[in-house]
Amino acid sequence: SAYIRFENTKFDFGSVKQGRVVKIEYFFENTGKSPLIISNIEVTCGCTVADFPHYPIKQGESGIILITFNTKEKYDRQNRTVDVISNASNSPTKLRFKGMILEEKPKKKDQ
């Protein structure tokens, strides 16, 4: 069967200003014996979008899952998980990312 091996399943994006869009790339390889098919990536909210290969990843080949996290209405510490659903023997695979979102200070209006 297929096996999805990630270079890194955790990512810390540090501190960003609210409103920024954080993009995170997770590199993976199919180290199993048959083609890997990612069927879905389950995210926790509409602020997170996952982009992934929609074609079989052959044995020994690799790919990238791109997570886009919009911090628009978020603030303070974030610790989020997405589930990679595939035909791999180790599915679902959890990817985690965390960081701190600094609230934008309202600008003072000129008197």
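User: Hello! Which residues do ring pairs link into a cluster here?
Analyst: Happy to help, and please keep in mind that this is a predicted model. The structure contains 4 aromatic pairs. Through ring pairs, a cluster forms from Phe-13, Phe-69 and Phe-97.

User: Is the pair of Phe-13 and Phe-97 stacked, edge-to-face or tilted?
Analyst: A pair of aromatic rings is described by the distance of the centres and the angle of the planes. For Phe-13 and Phe-97 the centres are 6.5 Å apart. Planes under 30 degrees apart would count as stacked and over 60 as edge-to-face. The planes of Phe-13 and Phe-97 stand at 45°, so the pair is tilted.

User: How many residues apart are Phe-13 and Phe-97, and are they buried or exposed?
Analyst: Both Phe-13 and Phe-97 are buried. Phe-13 belongs to strand β2 (residues 10-17) and Phe-97 to strand β8 (residues 93-102). The pair therefore links distant parts of the chain, with a separation of 84 residues.

User: In what order do the 4 strands of the open sheet stand?
Analyst: Let's build it up pair by pair. β1 and β3 are antiparallel partners over 3 bridges, and 9 bridges join β3 to β6, again antiparallel. β5 and β6 (residues 62-70) pair in the antiparallel sense over 4 bridges. Put together, the open sheet has the order β1-β3-β6-β5.

User: Which strands stand at the edges of that sheet, and why is one side of each left without a neighbour?
Analyst: In this open, antiparallel sheet the order is β1-β3-β6-β5. Each edge strand has a single partner strand, so one side of it is left without a neighbour in the sheet. The edge strands are β1 (4-6) and β5 (48-51).

User: By how many degrees are neighbouring strands of this sheet turned against each other on average?
Analyst: The strands concerned are those of the open sheet β1-β3-β6-β5. With direction ignored, the average turn between neighbours in this sheet is 30°.

User: Which residue stands opposite Thr-48 in β6?
Analyst: Other facing positions in the sheet include Phe-6 opposite Phe-28 in β3 and Glu-29 opposite Ser-62 in β6. Where β5 pairs with β6, the residue opposite Thr-48 is Phe-69.

User: Which side chains of β3 point to the buried face?
Analyst: The side chains along β3 alternate between two faces. Val-21, Lys-23, Glu-25, Phe-27 and Glu-29 point to one face and are not buried. Pointing to the other face, and buried, are Val-22, Ile-24, Tyr-26, Phe-28 and Asn-30.

User: Which strand gives the most to the largest nonpolar core?
Analyst: This core has 24 residues, and Ile-38 and Ile-65 touch the most other members. At least two residues each come from β1, β2, β3 (21-30), β4 (38-42), β6, β7 and β8. With 4 residues, the strand that gives the most is β3.

User: Which residues does Ile-38 touch, not counting those up to four places away in sequence?
Analyst: Ile-38 is one of the two core residues that touch the most other members, and Ile-65 is the other. With residues up to four places away left out, Ile-38 touches Ile-4, Phe-28, Phe-52, Pro-53, Ile-65, Val-84, Ile-85 and Ser-86.

User: Is Cys-47 buried, partly exposed or exposed?
Analyst: The structure has 1 disulfide, and Cys-45 and Cys-47 form it with sulfur atoms 2.0 Å apart. Cys-45 has a relative accessible area of 23%, so it is partly exposed. Cys-47 is at 10% and falls under the 20% cut-off. Cys-47 therefore counts as buried.

User: Which two residues does a cis peptide bond join?
Analyst: Most residues other than glycine have a negative phi, and most peptide bonds are trans. The cis bond here has an omega of about -5°. Its proline, Pro-92, sits in the loop between β7 (76-86) and β8. The joined residues are Ser-91 and Pro-92.

User: What value is phi of Asp-76 near?
Analyst: Asp-76 lies in strand β7 and, at 42% relative accessibility, counts as partly exposed. Its phi is positive although it is a residue other than glycine, with a value near 70°.

User: What separates the C-alpha atoms of Ser-15 and Met-100?
Analyst: Ser-15 is in strand β2, and beyond its neighbours within four places it is in contact with Met-100 and Leu-102. Ser-15 and Met-100 are 85 residues apart along the chain, yet their C-alpha atoms are separated by 4.6 Å.

Notes:
Residues are numbered from 1 along each chain as its sequence is written. This is a predicted model: local features need pLDDT of at least 70, side-chain atom pairs count only at pLDDT 80 or more; totals for chains, interfaces and linings use all residues. Side-chain values use heavy atoms; hydrogens and water are left out. Two strands pair if DSSP finds at least two bridges between them. Axes are lines fitted to C-alpha atoms, for helices over the stretch in contact, and angles run from 0 to 180 degrees between N-to-C directions. Rings of Phe, Tyr and Trp (its six-membered ring) pair if their centres lie within 6.5 Å; planes under 30 degrees apart count as stacked, over 60 as edge-to-face and the rest as tilted. Buried means under 20% relative accessible area, exposed over 50%, partly exposed in between (1.4 Å probe, protein chains only). A disulfide is a pair of cysteine sulfur atoms within 2.5 Å. A nonpolar core is a set of buried Ala, Val, Leu, Ile, Met, Phe, Trp, Tyr and Cys residues joined through side-chain atoms within 4.5 Å. Contact means heavy atoms within 4.5 Å.
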